[in-house]
Amino acid sequence: MPRLFSRRRLLALAAVAVGGSVFLANYGCASSIPRRDPTGEVFPSVVGESLEKERIEVPEAFAGEPVVIFVGYRQSTQFDIDRWMLGMLMADADVRLVELPTIPGLITGLASGWIDDGMRSGIPPEDWSAVVTLYGNAASPVARFTGTRGGRNARVLLLDQKGAVVWYHDEGYSPREATELIRALESLRDS
């Protein structure tokens with residue numbers, strides 16, 4: 001009986017599948033949605049999973065307190081998110097910081113476990129609760145809310161106690177903008 005696939009062919013197919021998953025995770029398979037500023041609007045209700053494998057409802061999980069959400073549509077956005085996080089930590093900002101890797105598309109949803117495992121390998125376990133991933137249909141409302149065009153830059157959103165966006169930026173980290181974010185947070189706390 002002839003073998004349908006040799007080991008070499010199976011390895012090649014596996015490499016193509018993994019490579020395709022990496023490509024889709026970095027560049028997405030969803031169409032590009034124009035950027036938009038959602039300031040004044042309530043963040044869409046979505047359900048994701050933290051890297052601790054806990055189901056998290058966003059923004060409901062943060063009700064009653066301000067929260068800064070960093071939305072990333074590509075793996076390459078991590079550099080921008082890291083700078084924002086470092087800026088907020090260096091400013092000793094008294095606010096919850098949440099990373100929201102957001103990857104619309106069916107194929108990336110199928111690779112979600114593999115992608116999450118990759119994130120876990122590069123993030124200390126004590127920070128896993130602050131990373132909530134959204135894939136496929138769960139990611140689509142957020143993608144429409146901020147737009148995905150220019151996806152290398154993080155979408156930085158300050159939500160008030162009710163989940164409304166009170167400050168927004170999507171043009172890359174800037175110390176000046178980080179100062180504005182801190183001022184917006186202080187203003188929110190003073191009101």
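Which residue forms a salt bridge with arginine 36, and how far apart are the closest N and O atoms? The partner is glutamate 41, and the closest N and O atoms of the two side chains are 2.6 Å apart in this predicted model.

**View 1. The salt bridge of arginine 36 and glutamate 41 in the predicted model.** Side chains of opposite charge can pair when their charged atoms come close. Arginine 36 has a relative accessibility of 31% and so counts as partly exposed, and glutamate 41, at 30%, is also placed in the partly exposed class. The salt bridges in the model come to a count of six, and two others are described in the next view.

**View 2. Salt bridges within helices α2 and α6.** In helix α2, which spans residues 78-90, aspartate 80 and arginine 83 lie three residues apart, about one turn of the helix, and their side chains meet in a salt bridge with an N to O distance of 3.5 Å. Aspartate 80 is buried, because its relative accessible area of 4% is under 20%, whereas arginine 83 is partly exposed at 33%. In helix α6, which covers residues 175-190, glutamate 180 forms a salt bridge with arginine 183, and here the closest N and O atoms are 2.7 Å apart. These two residues are three places apart in the helix and are therefore separated by about one helical turn. Glutamate 180 is partly exposed, with a relative accessible area of 32%, and arginine 183 is partly exposed at 48% relative accessibility.

**View 3. Strand β1 and the strands that pair with it.** Along β1 (residues 46-50) the side chains alternate, with Val46, Gly48 and Ser50 pointing to one face and buried, while Val47 and Glu49 point to the other face and are not buried. Strand β2 (residues 55-58) pairs with β1 in the antiparallel sense over four bridges, and valine 58 in β2 is the bridge partner of valine 46. Four residues lie between the strands of this hairpin, in which lysine 53 takes a positive phi near 70 degrees. Strand β5 (residues 132-135) also pairs with β1 in the antiparallel sense, over two bridges, and threonine 133 of β5 stands opposite glutamate 49.

**View 4. Surroundings of isoleucine 69 in strand β3.** Isoleucine 69 sits in β3, which runs over residues 67-72, and is buried because its relative accessible area is 0%, under the 20% limit. Leaving aside residues up to four places away in sequence, isoleucine 69 touches Val58, Val98, Leu100, Arg155, Val156, Leu157 and Leu159. Leucine 158 lies 89 residues from isoleucine 69 in sequence, yet the two C-alpha atoms are 6.5 Å apart in space.

**View 5. The largest nonpolar core and another core apart from it.** The largest nonpolar core has 21 residues, and those with the most contacts inside it are Phe43, Val58, Ile69, Leu100 and Leu157. At least two residues of this core are supplied by each of β2, β3, β4 (96-103), β5, α5 (140-146), β6 (155-159) and β7 (165-169). Apart from this core lies another, of 18 residues, including Phe70, Leu97, Val156 and Leu188. Among the residues that leucine 100 touches, not counting those up to four places away in sequence, are Phe43, Val58, Ile69, Phe70, Val132 and Leu134.

Notes
Residues numbered from 1 in each chain as written. Predicted model: local features only at pLDDT ≥ 70, side-chain atom pairs only at ≥ 80, totals over all residues. Heavy atoms only, no water. Buried < 20%, exposed > 50% of the residue type's maximum accessible area, 1.4 Å probe, protein only. Contact = heavy atoms within 4.5 Å. Pairing = 2+ DSSP bridges. Salt bridge = Lys/Arg side-chain N within 4 Å of Asp/Glu carboxyl O. Core = buried A, V, L, I, M, F, W, Y, C linked by side-chain atoms within 4.5 Å.
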